[in-house]
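Colleague: I've just opened this one and don't know my way around yet. Can you walk me through it?
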Amino acid sequence: MSALQIVAGVIVIAISLAGLVLLVRAVRQMLTTFRVGRPVTRTDRPGARTVTLLREFLGHTRMTRLPVVAAAHWFTMISFGLLFFTLLTAYGQIFDPTWTIPVLGHFFLYEWLAEFFSWGGLIGICYLIYNRRKLHPARATGRDGRWSRFFGSTFWQAYYVELTILGVVLCVLALRGLEYKVDAGASAFHYPLTFFIGDAFGGLPHHTIKALIVVIATIKIVISMAWMITISLNTTMGVAWHRFLAFFNIWFKREATGRTALAQLQPMVVDGEPVTMESLEELDEDAVLGVGKIEDFTWKGLLDFSTCTECGRCQSQCPAWNTEKPLSPKLLMMTLRDHSAAKAPYLLAAESARADLPAATAALADLPLIGETGYDVANPLTAYNPHGPDAVIDQDVLWSCTTCGACVEQCPVDIEHVDHIVDMRRNQVLIESAFPNELSGLFKNLENKANPWGMSARARLDWAKGLPFEVKVFGQDVESLSEVDYLFWVGCAGAYEDRAKKTTRAVAELLDTAGVSFAVLGDGESCTGDPARRAGNEMLFQALASQNVEVLNEAGATKIVVTCAHCFNTLKNEYPQMGGDYEVVHHTQLLNRLVRDKQLVPVARPDQADTSGVASTASTVTYHDPCYLGRHNNVYAAPRELIGALPGVELKEMERSGMTSFCCGAGGARMWMEEKLGTRINLNRTKEAVATGADRIAIGCPFCRVMMTDGLTAEQANGDAREEVEVVDVANMLLAAVRRGGDGQQERPERSEDAPQPA
């Protein structure tokens, strides 16, 4: 063995041992930190979880929102795993430059894949470096770089990881070329993508090429082990650790089927059991409700924080962040990650040993998770301080969230942001009594009047006055809901809010015209509890939901049609937690089915139809996806199909539509809170709708109707929108088209024995 090989051998053995020891220590440290979190079971349906992991890993299904980035990352990711074998080869080449892995080393399929993914990894990582530079906050115009999704990310870590990958793939390609020259029986068949690299070294002596193999193999190992040492010393380096932790975070995700952690919120849990109105009385006085300290999160929450890649996809889609508010889902996860790592030594130390801890670590013991950080509006990073001194996260961060779910939907590693935010809200409301003043009125109205507006229950049927048919009421006109096709859940907005009443009346008229029988609960209906739950008042939600479930079950409800996206989500996805299992359909789904089945026939306006009745000119409509209908429940097609079935109507999509739709600003109980920071979310969305040039802004949720109407009024007052533009529910559009059939009243079809099913 030459002196070069001896020196190289000593270097690689020393750095490899150091890297391995530090990595084992880092893994043990992280696992110990995760165990600080509260228990939660995420091992059900292991087969389905494994399939989900393989689908998301190999298919990159969570990254396809940015297809070019997804392709580049896929090649980089696959090359990282596959090229591990080239690392093993490099160790052997230190001592024998001609060494290859037995059997596998000269198997042509392995060689082809190794070379293909080396080049793919090289191109992929070069693009990712370019993309990060292109989107650097320093290049983002306005708002001090906030437009960049990488704003707030730790750039030195990202560049270090990317340059490590770049260095490794360059070494692999160089080694493959040199191997071609020292392999006596080499041919382009075994080196199809690197033989020309070897030919470039054709003039060098054989022993020099072998020496180059030793040198480059050493460089490759040193680069790899230096990376291992670096990440072992920086356990909060999510941009590196995600390539290991993501597999576990995906496998342990909330839904084994792979569905995102949206729709239903998880119940509030104490000692591993959901808290109910009955069990609340039996809890210890010091029982923790929600999350008030970092150790109150579950171990899965702590794993979530450590898995964050700092890619900023969540940040770029967040309605709060995009309207100059302090909430960034990315910065929130990063701060909780850093805080958990900083506080872990205190939490893991024995009581007797805590006095010997550094003062900075001991100070974290009683540091509030939520409070006033001295947040500077001009610098959103000041809202996040994992080391105090006053609080980890500013309260404005917590209460800026609309729970729209864009962060969860966008996250490539399945972090459950909304669950964590609501858990922190629960603690603030139920334990600390620290919440925005406006919520006091909301909670009081829900407690006393069972609706957010504080209106009398006797007014719940006022919307039906003047209808040309009788609206059946359970308990008065029908004794059991089995006598009708559907229970029509009107909702608080549909009963009390003037704009929403128009939708309620329209749906009732359309169902009557189509021959679909329905009944309502009248004053027996209460708020579903959605705003209370998302504001953190879990026990108020439990009270309202329990009351409604009892009424629904006693009434024999099985199928429910609802116009409010929030009621739809709560009844469908959260009431099963309370013992209420129903078939719930949104009104756009049911109406779409009725139109498809010709039970409702829309007709064009006279000025839009030629002599044959076919539309000749089209009015334009843009559709706003309600977050709790679209993103939370994947209902995107039905409203659009319904709009498409309207004669003389042309749909113009906004730039942000479907799963990337922008929130109206009403979710998460934000409808009852003032927007005191940044610009208004509803104005941001309304401007986008107006920019399409559409004549009407179609919606499918009363919350959205209120927010978009207010936004449009403001735009029209400023002269930024045409006066004739209006916000209208899809049901109202359909009713107008149906009424044009015949003499203003479409003939009612014969009563069908089979009730229409949801789309």
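Colleague: Let's start small: which residue in β13 does I699 stand opposite?

Modeller: I699 stands opposite D729 in β13. Keep in mind that this is a predicted model.

Colleague: OK, and how many bridges pair β12 with β13?

Modeller: Four bridges, with β12 (residues 696-699) and β13 paired in the parallel sense.

Colleague: What's the order of the strands in that sheet?

Modeller: The order is β11-β10-β12-β13, four strands in an open sheet with parallel pairing. β11 (649-651) and β13 (726-729) are the edge strands, and each of them pairs on one side only. From one strand to the next, the twist averages 35 degrees.

Colleague: Which strands does helix α25 touch?

Modeller: α25, residues 637-644, packs on the sheet and touches β10 (619-623), β11 and β12. The direction of α25 makes about 175 degrees with that of β10.

Colleague: Switching to β8: are K559 and V561 buried or exposed?

Modeller: K559 and V561 are buried on one side of β8 (residues 559-562), and I560 and V562 are buried on the other, so to speak a strand with both faces covered. As background, side chains in a regular strand alternate between the two faces of the sheet.

Colleague: Which strands is β8 joined to by bridges?

Modeller: β6 (residues 486-489) is joined to β8 by three bridges, and β9 (residues 583-586) is joined to β8 by four. β6 and β8 run parallel, and β8 and β9 run parallel too.

Colleague: What stands opposite V562, and what's the bridge partner of K559?

Modeller: W489 stands opposite V562. For K559, the bridge partner is E583 in β9.

Colleague: Now helices. At what angle do α20 and α27 pack?

Modeller: About 130 degrees, with the axes of α20 (residues 498-514) and α27 (residues 702-717) 9 Å apart.

Colleague: Why do you call them oblique?

Modeller: An angle of about 130 degrees is not over 145, where roughly antiparallel begins, and lies outside 65 to 115, the roughly perpendicular range. α20 and α27 are therefore oblique to each other.

Colleague: What's the handedness of the crossing, and which residues meet there?

Modeller: The crossing of α20 and α27 is right-handed. On the α20 side, R499, A500, K502 and T503 meet P702, R705, V706, T709 and D710 of α27. The residues of this contact divide into three nonpolar, two polar and four charged.

How values were computed. Residues are numbered from 1 along each chain as its sequence is written. This is a predicted model: local features need pLDDT of at least 70, side-chain atom pairs count only at pLDDT 80 or more; totals for chains, interfaces and linings use all residues. Side-chain values use heavy atoms; hydrogens and water are left out. Axes are lines fitted to C-alpha atoms, for helices over the stretch in contact, and angles run from 0 to 180 degrees between N-to-C directions. Helices (H or I, at least four residues) and strands (E, at least two) are DSSP runs, numbered from the N terminus. Angles under 35 degrees count as roughly parallel, over 145 as roughly antiparallel, 65 to 115 as roughly perpendicular and the rest as oblique. A crossing is left-handed if the near helix is turned anticlockwise from the far one by less than a right angle, and right-handed if clockwise. Contact means heavy atoms within 4.5 Å. Ala, Val, Leu, Ile, Met, Phe, Trp, Tyr, Cys and Pro count as nonpolar, Asp, Glu, Lys and Arg as charged, and the others, Gly among them, as polar. Two strands pair if DSSP finds at least two bridges between them. Buried means under 20% relative accessible area, exposed over 50%, partly exposed in between (1.4 Å probe, protein chains only).
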